[in-house]
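The following questions and answers examine one protein chain. Please consult the sequence and the structure as you read.

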Amino acid sequence: MISREPTIERLAVARDLLLTPFGLDESHLGQALAHIRAHQVDDADLYFQYTRHEGWSLEEGIVKTGSFSIDQGVGVRAVSGEKTAFAYSDDISLASLMDAASTVRSISAAGKAGKARVAPKKVAQSRSLYPHIDPIASMDSTAKVQLLERAEQRARAKDPRVVQVMAGLASEYDVVLVARADGLLAADVRPLVRLSVTVIAEQNGRREVGSSGGGGRFGLAYFTDEQIGQYVDEAVSAALTNLDARPAPAGEMTVVLGPGWPGVLLHEAVGHGLEGDFNRKGSSAFSGRIGERVAAKGVTVLDDGTMADRRGSLNVDDEGHATQKNVLIEDGILKGYIQDAMNARLMGVAATGNGRRESYAHIPMPRMTNTYMLGGDRDPQEIVASIKRGLYATNFGGGQVDITSGKFVFSASEAFWVENGRILYPVKGATLIGSGPESLKKVTMIGNDMRLDSGVGTCGKEGQSVPVGVGQPTMRIEGLTVGGTA
């Protein structure tokens, strides 16, 4: 549900951290924005941010690193046509705010000085998707280290072949305040936690790695012994599976992708190509194709920033707009793109709540939140059993995509060779190569087991990183090229 009430609560938190200590109030924000708007600009905003981050890592039973940082500042932006002027400062004061406003207003092509009325204040509508807590304070340092020690002990006890364990815990408390030229005021309080477990197993002189983890927008109490045990089991299982892995065959073949994290392939191969900036500029393989068939029947892809507690979710985006559940592809037909305010304005469509930035020192751009494909009606076991000769990929490492061509390259970190419907053995070194738009057309079976990832995704674009979520059901794709070592 969207309303103004949660924004009013969060505005109070943001004021206490970002305005009051520096002698600022909302009238000063209006003054800075009016100063920018005195020159002709299409849009302008102020983005204040306060971030506390803490990280712990354990290796060989010893705390290897413990870090704590605080960062705060303000980003000031003016937009005229396709041009953006941006300035930022870690000094939050009226003087630096007005300096930044003077710097960015020079973007106006007309450059005519004039007067602009202060826009009447409007409190933005927003969602309540996660608690506005400080997760760093939700557990003391001793308990955090003990949590990592329990993960290590559990992994070592799991199998004698486990020779090394690394565990990491990260917590973040992020408070943002957005003031827009049209008078809109928005705020968010964003908790974020993540636990990761990596193990190395050794057998007959061969070493292999396995990793797992998860998190989201909540406190550290989420990491119960049961949850830690699940991550440990997954990491150890992956490492032991890889000890038996044989070189992957190469060639064009049927590939079945497992549910959950393999949705990262969808994120890279399709999601980036549906971001508004690439489509406005005509550089995406999906440009100008709304209403056309871009995938097989049954393929429905969403970007949804409104899922409770999810790593990729936001109450409001970094431009102050409430996040949305956006249908991008429906039953194979392209329905829309992911938009921030500038690209939406230039394309003559509505913003979709996808304006995101890494921090106050970065400009916003259209970015994904939680991107996933809806489930179908097939039993996952039936899908694997349908493979004559091919690959069943259940986990992925890194990957990349060329937006213009849609071509992607992905490395499978856990995969199995299947013949006549039987999983024969794990394989190592499999690389999936293909085209996002083309591979979606080759989807022939969609499982009924849609799953989201465990909460570990981070997406990079133009040097900026933001937390995201991915997901998909088990899915069969025909004729993908597999690069292997066999």
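Helices (H or I, at least four residues) and strands (E, at least two) are DSSP runs, numbered from the N terminus. This is a predicted model, in which local features need pLDDT of at least 70 and side-chain atom pairs count only at pLDDT 80 or more, whereas totals for chains, interfaces and linings use all residues. Residues are numbered from 1 along each chain as its sequence is written, and side-chain values use heavy atoms, with hydrogens and water left out.

Q: How many helices and strands does the chain have?
A: By the DSSP runs defined above, both kinds of element occur in the chain. The count is ten helices and 25 strands.

Q: What is the radius of gyration of the chain, set against that of a compact globule?
A: The radius of gyration is taken over C-alpha atoms, and the globule rule is 2.2 Å times the number of residues to the power 0.38. For 486 residues this rule gives a value near 23 Å. The chain agrees with it, at 24 Å.

Q: What share of the contacts with a separation of 6 or more lies between residues 24 or more positions apart?
A: Contact means heavy atoms within 4.5 Å. Among the contacts in the chain with a separation of 6 or more, the part due to residues 24 or more positions apart is 76%.

Q: Is Asp43 buried or exposed?
A: Asp43 belongs to strand β1, residues 43–59. Buried means under 20% relative accessible area, exposed over 50%, and partly exposed in between (1.4 Å probe, protein chains only). Because its relative accessible area is 13%, Asp43 is buried.

Q: Which side chain makes a polar contact of 2.7 Å with that of Asp43?
A: A polar contact is a pair of N or O atoms within 3.5 Å; within protein, one must be able to donate a hydrogen and the other to accept it, and residues adjacent in sequence count only if both atoms are side-chain atoms. Not counting residues up to four places away in sequence, Asp43 touches Arg77, Ala78, Val79, Arg180, Ala181 and Ala341. The side chain that lies in polar contact with Asp43, at 2.7 Å, is that of Arg180.

Q: Which residue in the hairpin of β6 and β7 takes a positive phi?
A: Two strands pair if DSSP finds at least two bridges between them. Strands β6 (residues 184–203) and β7 (residues 206–216) pair in the antiparallel sense over eleven bridges, and Gln203 has Arg206 in β7 as its bridge partner. Two residues lie between the strands, and the one with a phi near 50° is Asn204.

Q: Which strands stand at the edges of the open sheet of six strands?
A: The sheet has mixed pairing and follows the order β12-β11-β10-β15-β24-β21. Two of its strands have a single partner strand each, so one side of each is left without a neighbour in the sheet; these are β12 (333–334) and β21 (451–452).

Q: What angle does the direction of α6 make with that of β24?
A: Helix α6 packs on the sheet, touching β10 (301–304), β11 (325–330), β15 (370–373) and β24. Eight of the eight residues of α6 (264–271) are buried. Axes are lines fitted to C-alpha atoms, for helices over the stretch in contact, and angles run from 0 to 180 degrees between N-to-C directions. The angle between α6 and β24 is about 105°.

Q: Which residues of β10 are buried on its two faces?
A: In a regular strand the side chains alternate between the two faces of the sheet. Strand β10 pairs antiparallel with β11 over four bridges, and three bridges join β10 to β15, also antiparallel. Both faces of β10 are covered, with Val301 and Asp303 buried on one side and Leu302 and Asp304 on the other.

Q: What is the relative accessibility of Asp309?
A: Asp309 lies in the loop between β10 and β11. Its phi is near 70°, a positive value in a residue other than glycine. Asp309 counts as partly exposed because its relative accessibility is 31%.

Q: How far apart in space are Phe416 and Leu391, C-alpha to C-alpha?
A: Phe416 is part of strand β17, residues 407–419, and counts as buried at 16% relative accessibility. Leaving aside neighbours within four places in sequence, the contacts of Phe416 include Thr241, Leu391 and Tyr425. Phe416 and Leu391 are 25 residues apart in sequence, and their distance in space is 5.8 Å.
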